[in-house]
Amino acid sequence: GDSFNFVSLSERLTGFYLLDVSGHGIPAALMSTGVSHSLVPLSGIVGLPEDYLDPSHLLAKLNRDLCRPGGEMTNYATMVYGVIDRFTGEGRIAIAGHPPPMIIRHGGGIDSLDTGGLPVGMFDTATYEAQPFNLGPGDRIVMYSDGITECFDSAGEAFELERFQQALLEQRAASATAVLANVESRVRAWRGDAPLDDDISVFMIER
């Protein structure tokens, strides 16, 4: 049910998203695939290419498209969608019921973006607000699914946000690949021999 990607919107701008569909199995996978296809600008499913430049507008339109007439709901999805200028590091991001993304600053601090609106696919009247962010040289923005923070050990204790942040900061001077490998190693060690009971995904963009 998790999916993430990035798409080129212009010579300067890149759109990116991470989504987490409710439920498990084939229904969740089908919805995840369908939404991911909708988020390709040239597909024309959500709207015109310029619609993808405004995160709040895109989420609102996607939400209306996913809501069935009469309010019948099958699956819904939490997600983040953003646009970033590859040259300046300036961007805007909108959040639909998803864990707030974090910005790992080059100096070691962590800024958490604000919580957003309702998940997409629940109520066709939901609205979303885009918030600005900026990545300086060496900064990283991290999006993730709740399968990480809600991963439980054998005693029933969750991994939680604090441990996740610690895993991100432990090797912040290393490459993004090494940092994400450390996160995976920490989560799997926390879970132990038991299989993971939810999808886990992390999407990191570094300037």
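Two strands are said to pair if DSSP finds at least two bridges between them, and strands (E, at least two residues) and helices (H or I, at least four) are DSSP runs numbered from the N terminus. The model is predicted: local features need pLDDT of at least 70, side-chain atom pairs count only at pLDDT 80 or more, and totals for chains, interfaces and linings use all residues. Residues are numbered from 1 along each chain as its sequence is written, and side-chain values use heavy atoms, with hydrogens and water left out.

**Strand β3 and its partners**

Strand β3 pairs with two strands, as the table sets out.

| Pair | Sense | Bridges | Facing residues |
|---|---|---|---|
| β2 (residues 13–21) and β3 (residues 77–85) | antiparallel | nine bridges | leucine 13 and aspartate 85 |
| β3 (residues 77–85) and β4 (residues 90–96) | antiparallel | six bridges | isoleucine 84 and glycine 91 |

Four residues separate β3 from β4 in a hairpin, and glycine 89 in the turn has a positive phi of about 80°. Nine of the nine residues of β3 are buried, so the strand is largely enclosed by the rest of the structure; buried means under 20% relative accessible area (1.4 Å probe, protein chains only). In a regular strand, side chains alternate between the two faces of the sheet. Both faces of β3 are covered, with Tyr81 among the buried residues on one side and Gly82 among those on the other.

**Helices α4 and α5**

Residues of α4, including Phe164 and Leu168, meet residues of α5, including Val183 and Trp190, where contact means heavy atoms within 4.5 Å.

Definitions and conventions:
Buried means under 20% relative accessible area, exposed over 50%, partly exposed in between (1.4 Å probe, protein chains only).
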